[in-house]
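Could you walk me through this protein in plain language? I'd like a guided tour of the fold, the surface and the backbone.

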Amino acid sequence: MVGEEKMSVRKRLSKPSENLEEEEGQGTPPAKESLETPSNGRINMKQLIAKKMQLTAEAEELKPFFMKEVGSHFDDFVTNLIEKSASLDNGGCAVTTFSVFEGENNHRTPDLRAPPEHGKIFITRRSLLDELFEVDHIRTIYHMFIALLILFILSTLVVDYIDEGRLVLEFSLISYAFGKLPVAMWTWWAMFLCTLSIPYFIFQHWARGYSKSTHPVIYSLFHCLLFMVFQIGVLGFGPTYVVLAYTLPPASRFIVILEQIRLIMKAHSFVRENVPRVLKSANEKSSTAPVPTVNQYLYFLFAPTLIYRDHYPRTPTVRWGYVAMQFAQVFGCLFYVYYIFERLCAPLFRNIKQEPFSARVLVLCVFNSILPGVLILFLIFFAVLHCWLNAFAEMLRFGDRMFYKDWWNSTSYSNYYRTWNVVVHDWLYYYAYKDFLWFFTKKFRSAAMLAVFAVSAVVHEYALAVCLNFFYPVLFVLFMFFGMAFNFIVNDSRKRPIWNVLMWTSLFAGNGVILCFYSQEWYARQHCPLKNPTFLDYIRPRSWTCHYVF
């Protein structure tokens, strides 16, 4: 088909030249057909316009064939590139990642861990949106979102002026959500300093004493126990206790909890990537243990990746104007979310106890929450995965900026999960999925995928439960059951555009459900507080019975 299209394009492109040769062979002057010059020496404008319209029509006719040919070449190029990248990603040595099978003996080979150079390959590349924004058609979509923000601002100002008789510029919702910010900041400093010192000290002490130890297994288990105590006790329970004890507002809680999760994942990656190097060095009877420097570990703690390497590709300079623009866009998205809640969400949920909880109320709530839910999804993606990560990447001259891929083109949920958040996906893939397969042999792929889904769902629900101060496992159910089912049913074999439409439809509906349920529960707990709540009151939905309590 591609060959036929190429031939048709060439034939169409060659038609004008063939006609010209025929006309010249017949002795007909070309100028006479195209443009006749009158006796006064002026060109006939009607013929000029007619010729221009003819050329335009021919160009429009050739455009789709030209685009198809360019598209086919581009698809071949990208496919080739992906195949080469996949071969690099596997390090050309798949046996080091999973179990090794020799003959009839199916057994694990525990000494064959994938070294860092056989894991994720970091290369210098820009974020996808930075490249797409150079196209005027794509940048217009960005301008449309800015125009919508301006309309939200004007709408809020006009409504406040009509209702209050003055302009209300208090931003009470933002000031409430980020209340007690100093407590969140010193909690972050405590977490960061602990993560910088304790895991590094534990690993350094283990690495330098492993080859000299008379009981290396007991010696390693002891240090592993210390590391687990730090991960669970210090980074796990410590920040959670502070958040609950000081009753931080939602946004301040999100800062602490998300940083808690990030630092736990960073510490695990640092240890996981360097332990095999120390074991290999001990087997080779090396006199020195390969311990990274403090500067390398410190750079990794700030770098926008969860996969540790001693060195990353770096850009030559820092564009401070680019950094300022990214942070400005983060703050712009923050105010965008504020206006969405102020104009679309608060009027919907503010008077929740005036009408009894019913199927009708729930259905109307879900459909009314789809638009703000989708807008918030886009803004979180743009603010966090693009602007925030690119700002830190630019300041650190971090070269590999593929923090996400073209998830919006996904025709399957499996592809969406891989491309939505590449930073977290890489950590789950290398340290949860591949390590599970290494430990239990690669025939348990479905069990490994189920384990990854369970870990991701539990962590997401933990973050929401702590930050919102109630347990309402809507996201867990959607993620663990519907998301996992769609991952197996709507798989990578679905390539037709209709599957992209269905993916977007379900994504819109899912965000509407999440925003509706959690907002209903939040406002129900604000309007219907209990005097002496028990533990069961924190896990029992208040929105189902709020209208009975006054």
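Arg397 sits in the loop between helix 12 and helix 13, the latter covering residues 413–420. Keep in mind that this is a predicted model. What catches the eye at Arg397 is the backbone: its phi is positive, about 55°, although the residue is not a glycine. Most residues other than glycine have a negative phi. How much of Arg397 can a probe reach? Its relative accessible area is 29%, and because buried would mean under 20% and exposed over 50%, Arg397 counts as partly exposed.

Now move along to another loop, the one between helix 15 (445–468) and helix 16 (474–489), where you'll find Asn469. Here too phi is positive in a residue other than glycine, with a value near 70°. Asn469 has a relative accessible area of 35%, so it goes down as partly exposed.

Helix 12 is worth another look, this time for a pocket. The second largest pocket holds about 760 Å³ of space. Which parts of the chain line it? Helix 4 (128–132), helix 5, helix 11 (320–349), helix 12 (359–395) and helix 17 (497–527) each put at least two residues into the lining. In total 27 residues line this pocket, and those that lie nearest its centre are Leu129, Phe133, Ile141, Phe145 and Phe382.

Helix 5 also leads us out to the surface. This helix runs over residues 136–164, and Leu154 is part of it. Leu154 belongs to a nonpolar surface patch that it makes together with Ile146, Leu148, Ile150 and Leu151, and the patch comes to about 420 Å². Is Leu154 buried, partly exposed or exposed? Its relative accessibility is 46%, so it counts as partly exposed. That also clears the bar for patch members, because these need over 30% relative accessible area.

Finally, step back and take in the whole protein. Its secondary structure amounts to 18 helices and two strands. The protein has 550 residues, and 38% of them count as buried. The accessible surface is about 31,900 Å², with 67% of that belonging to carbon and sulfur atoms. And how do the contacts spread along the sequence? Take those between residues at least 6 apart in sequence: 75% of them join residues at least 24 apart.

Definitions and conventions. Residues numbered from 1 in each chain as written. Predicted model: local features only at pLDDT ≥ 70, side-chain atom pairs only at ≥ 80, totals over all residues. Heavy atoms only, no water. Patch = residues over 30% accessible without salt bridge, like charges linked within 9 Å, V, L, I, M, F, W, Y side chains within 5 Å. Areas by Shrake-Rupley, 256 points an atom, 1.4 Å probe, with all protein chains shown as cover. Salt bridge = Lys/Arg side-chain N within 4 Å of Asp/Glu carboxyl O. Helix = DSSP H or I, 4+ residues; strand = E, 2+ residues; numbered from the N terminus. Buried < 20%, exposed > 50% of the residue type's maximum accessible area, 1.4 Å probe, protein only. Contact = heavy atoms within 4.5 Å. 1 Å grid on protein atoms, 1.4 Å probe; cavity = no way out; pocket = protein on both sides within 12 Å on 5 of 7 lines; lining within 4 Å. Points joined across faces, edges and corners; volume = space filled by probe spheres on them.
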